[in-house]
Amino acid sequence: MDLFPDGTHVRLQSRELGTYLYADEDGVGVSLSPRRASLNAAWQVHRIVHEGVAYVLLHGAAYGRYLAVSPDAAPPRGHRGRRVVQSDRDYFDPRAVMWRVIRAWDDGDDIIVRHDLQRNLRGNGRYRRWHTGVTVDDTAPWSTMMRWTVQAIPPRAAPPPDIRLPVATPNVGTRRGLFRFRRRAVPASDLEWMIWYELADDDGNVDEHNWDNFMFSGRSVFSLMARVAFLEGHTDANHFVLCVKAGHDARRTPLVIDLLPSQVHPINIVALTKGSPAINTDDYRKCAAALVYPDVDADAPAADAEAP
């Protein structure tokens, strides 16, 4: 479909609620959020043809994981249908991440995002706004909660600035609200997980059978970059661009956020050397590793843009 060119970034806005399809910070959940100018609300299009049928896959710009129908049929309490999650591309049934996009029958500006199991992507919370989870539900009748508006996100003219170590923000409020008003805090150091990584050559190619691994503590992307640089004999943490590869056949997503997801482990990382042809090319089709960064602040109201 012309609304979903391969390799571009889009937002999906609920026609009924006005909120956006959002990749939760745990790296697993999917919800609706008003945060338009956020990488978590940006999804990159990955188009495939399977058995002669064209499908759209969507992987998040924040964590690189794919929009998928969960194998657990039970939806969250108060929600309709079946749970939708972020997933590695090859973790569940391969069809779990396959979607078809059709226009709503009476409005050319609205679309229906249909899963291969003949269920439609839908928001929840029409009457109970705290029910923000996203599910898939039966195709008939087509609820207005299944209607979405596509917003194209232009690419950035240049990559984002180098990632730096996030600074903890002091707690605000009373003791009762001690943990309720913390933003971009340095993560707890006792969170430990396995990182698998591969250093790509100058053309972005990797040996899929030669991954290295190490145990990593915390969630800081900057610390992860420093660790990979150290292992490869460099002192500059920003010597490499780290990309998530959420599955063997998944596309790479550059890590340009502060924090890793809180519930995803292990993580597969491809390290690309800055200044290499794999990064500098402006056409992702010329090299599988070429990177496209969404400009999530483009055309956003000043109050909506994320703080640097």
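Thr135 is buried, with a relative accessible area of 0%. It sits in strand S11, which spans residues 135-138. The side chain of Thr135 has a polar partner: the side chain of Asn124, at 3.2 Å. The model described here is predicted.

**The chain as a whole**

The chain has 308 residues, and buried residues make up 50% of them. Its secondary structure comes to 2 helices and 17 strands. The accessible surface is about 15300 Å², and carbon and sulfur atoms hold 51% of that area. Many contacts link distant parts of the sequence. Among contacts with a separation of 6 or more, 61% join residues 24 or more positions apart.

**Residues in loops**

Several loop residues have a computed accessibility. The table sets four of them side by side.

| Residue | Loop | Relative accessibility | State |
|---|---|---|---|
| Asn238 | between H1 and S15 | 3% | buried |
| Arg65 | between S5 and S6 | 11% | buried |
| Ser143 | between S11 and S12 | 18% | buried |
| Glu51 | between S4 and S5 | 66% | exposed |

Take Arg65 first. A polar atom of its side chain lies 2.7 Å from the backbone oxygen of Gly27. Beyond its neighbours within four places in sequence, Arg65 is in contact with residues from several stretches of the chain, including Val28, Trp43, Leu58, Gln86, Asp88, Ala246 and Val264. At 11% relative accessibility, Arg65 falls under the 20% limit, so it counts as buried.

Ser143 comes next. Its side chain reaches the backbone nitrogen of Met145 at 3.0 Å. Leaving out residues up to four places away in sequence, Ser143 touches Arg122 and Arg126. Gly123 is 20 residues from Ser143 along the chain, and their C-alpha atoms are separated by 9.8 Å.

Asn238 pairs a sequence gap with a spatial distance. Asp162 is 76 residues away from Asn238 in sequence, yet the two C-alpha atoms are 6.4 Å apart.

Glu51 has a backbone feature to note. Its phi is positive, near 55 degrees, in a residue other than glycine. The loop that holds Glu51 joins strand S4 (43-50) to strand S5 (53-60).

**Strand S12 and its partner**

Strand S12 covers residues 147-153, and 6 of its 7 residues are buried, so the rest of the structure largely encloses it. Strand S1 (residues 9-14) pairs with S12 in the antiparallel sense, over 6 bridges. Within this pairing, Leu12 has Val150 of S12 as its bridge partner.

**A five-stranded sheet**

An open sheet of 5 strands runs in the order S14-S13-S17-S15-S16, with mixed pairing. Which strands stand at its edges? They are S14 and S16 (252-254). Each has a single partner strand, so one side of each is left without a neighbour in the sheet. Neighbouring strands of this sheet are turned by 40 degrees against each other on average, direction ignored.

S15 and S17 pair in the antiparallel sense over 5 bridges. Leu242 has Ala271 of S17 as its bridge partner. Helix H1 packs on this sheet and touches S13, S14, S15 and S17. The direction of H1 makes about 140 degrees with that of S14.

**Helix H1**

H1 spans residues 221-231, and its buried residues are Val221, Phe222, Leu224, Met225, Val228 and Ala229. Why do they lie on the same side of H1? They cover an arc of only 160 degrees around the axis, which puts them on one and the same side. Spacing matters here. An α-helix has 3.6 residues a turn, so residues three or four places apart point the same way.

What covers the buried residues of H1? The cover includes strands S13 (192-199), S14 (212-217), S15 (240-245) and S17 (267-273).

The ends of H1 have their own details. Ser220 caps the N-terminal end, with a side-chain oxygen 3.4 Å from the backbone nitrogen of Phe222. After H1 comes Gly233, whose phi is positive, near 85 degrees.

Conventions
Residues numbered from 1 in each chain as written. Predicted model: local features only at pLDDT ≥ 70, side-chain atom pairs only at ≥ 80, totals over all residues. Heavy atoms only, no water. Buried < 20%, exposed > 50% of the residue type's maximum accessible area, 1.4 Å probe, protein only. Helix = DSSP H or I, 4+ residues; strand = E, 2+ residues; numbered from the N terminus. Arc of directions from axis to C-beta. Contact = heavy atoms within 4.5 Å. Polar contact = N/O pair within 3.5 Å; in protein donor to acceptor, adjacent residues only side chain to side chain. Pairing = 2+ DSSP bridges. Axes fitted to C-alpha atoms, helices over the stretch in contact; angles between N-to-C directions. Areas by Shrake-Rupley, 256 points an atom, 1.4 Å probe, with all protein chains shown as cover.
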